[in-house]
Amino acid sequence: AASDVYKRQRPGDTAPDFRVVDITGRTVTRATLVADGKPGLLFFTATWCLPCVEGLRQLDRFQQEVGEDLFRVLVVFVDPRETEADLRAYRERYGFPRSWFYAPDRDRMVLKYRVRFLDTKFLLDPQGVIRWTDVYPATYETWRRALGAVGVRR
């Protein structure tokens, strides 16, 4: 049913599909995020969310320790006032990896994933199934536990 499209997403559910274009012109879909048998992480934020910045710093640290090629990251910006230039400046200001995707939400992902808070995160396994989600500021330990659940360990 059409109303199911916007139901709350929980672990065990197949993640809703999406199609966004990142700041380098790459099209990102659910399938491309988890391509090649790798898990994918969706992180919903805005450039002005400072707890989100710290969570992404810890994710960057974790990914550097386990290996950049073990999972993909899509950072979805939910504030419609933010431009692609703002997102590029954000990536540079905080030194976040160029391997991550940074995309404005131009596909109603906030509605599809029922995002109510900044710092909402979804971890998808290689089949596109949600394996973990939370809305709390992330620490290094958050990422270690969450990604460990899909086999990413150091």
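Let us start in a loop: Arg108 sits between strand β5 (101-104) and helix α4 (109-112). Helices here are DSSP runs of H or I with at least four residues, strands are runs of E with at least two, and both are numbered from the N terminus. The model you are looking at is predicted, so local features need pLDDT of at least 70 and side-chain atom pairs count only at pLDDT 80 or more, while totals for chains, interfaces and linings use all residues. Residues are numbered from 1 along each chain as its sequence is written, and side-chain values use heavy atoms, with hydrogens and water left out.

What is the sign of phi at Arg108, which is not a glycine? Phi is positive there, at about 55°. To see why that deserves a second look, remember that most residues other than glycine have a negative phi, and most peptide bonds are trans. Asp119 is another such case, with a positive phi near 75° in a residue other than glycine. You can find Asp119 in the loop between α4 and β6 (120-124).

Stay with Asp119 for a moment, and ask whether this residue is buried or exposed. At 2% relative accessibility, Asp119 counts as buried. The word has a fixed meaning here: buried is under 20% relative accessible area, exposed is over 50%, and partly exposed lies in between (1.4 Å probe, protein chains only). Asp119 also has a charged partner, Lys121, and the closest N and O atoms of this salt bridge are 3.1 Å apart. A salt bridge, by the rule used here, is a side-chain nitrogen of Lys or Arg within 4 Å of a carboxyl oxygen of Asp or Glu. Lys121 counts as buried too, because its relative accessibility is 0%.

How many salt bridges does the structure hold? The count is 14. One of them links Lys112 with Asp107, where the closest N and O atoms are 2.8 Å apart. Lys112 has 15% relative accessibility and therefore counts as buried.

Now move along to helix α5 (residues 140-148). Here Arg144 and Glu141 form a salt bridge, with 2.5 Å between the closest N and O atoms. Why can these two be described as about one helical turn apart? The reason is that Arg144 and Glu141 are 3 residues apart in helix α5 (residues 140-148). Arg144 is partly exposed, with a relative accessible area of 37%, and Glu141 is partly exposed as well, at 31%. Elsewhere, Arg91, Glu92 and Arg98 are joined into one network by salt bridges that share partners.

Some charged residues gather on the surface instead. Arg8, Arg10, Arg114 and Arg116 form a positive surface patch. Patches are made of residues with over 30% relative accessible area and no salt bridge: like charges are joined within 9 Å, and nonpolar side chains (Val, Leu, Ile, Met, Phe, Trp, Tyr) within 5 Å. Lys and Arg count as positive and Asp and Glu as negative, while His and the chain ends are not counted. Within this patch, Arg10 belongs to the segment before β1 (19-21). Arg10 is partly exposed, with a relative accessible area of 49%.

Next comes a covalent link. Which residue does Cys49 join through a disulfide? The partner is Cys52, and the distance from S to S is 2.1 Å. A disulfide is a pair of cysteine sulfur atoms within 2.5 Å, and by this rule the count comes to 1. The torsion about the S-S bond is about 70°, so the disulfide of Cys49 and Cys52 is right-handed. Both ends are tucked away by the rule for burial: Cys49 is buried at 8% relative accessible area, and Cys52 is buried at 0%.

Finally, let us look at some distances across the fold. Asp60 lies in helix α2 (residues 50-66) and is buried, because its relative accessibility is 12%. Asp60 and Trp100 are 40 residues apart along the chain, and their C-alpha atoms are separated by 9.7 Å. Gln58 also belongs to helix α2, and it is buried at 16%. Between the C-alpha atoms of Gln58 and Lys112, 54 residues apart along the chain, the separation is 26 Å. Ala31 is found in helix α1 (residues 30-33) and is exposed, with a relative accessible area of 53%. The C-alpha atoms of Ala31 and Val110 are separated by 18 Å, with the two residues 79 apart along the chain.

Technical notes. Areas by Shrake-Rupley, 256 points an atom, 1.4 Å probe, with all protein chains shown as cover. Charge placed at Lys NZ, Arg CZ, Asp CG, Glu CD.
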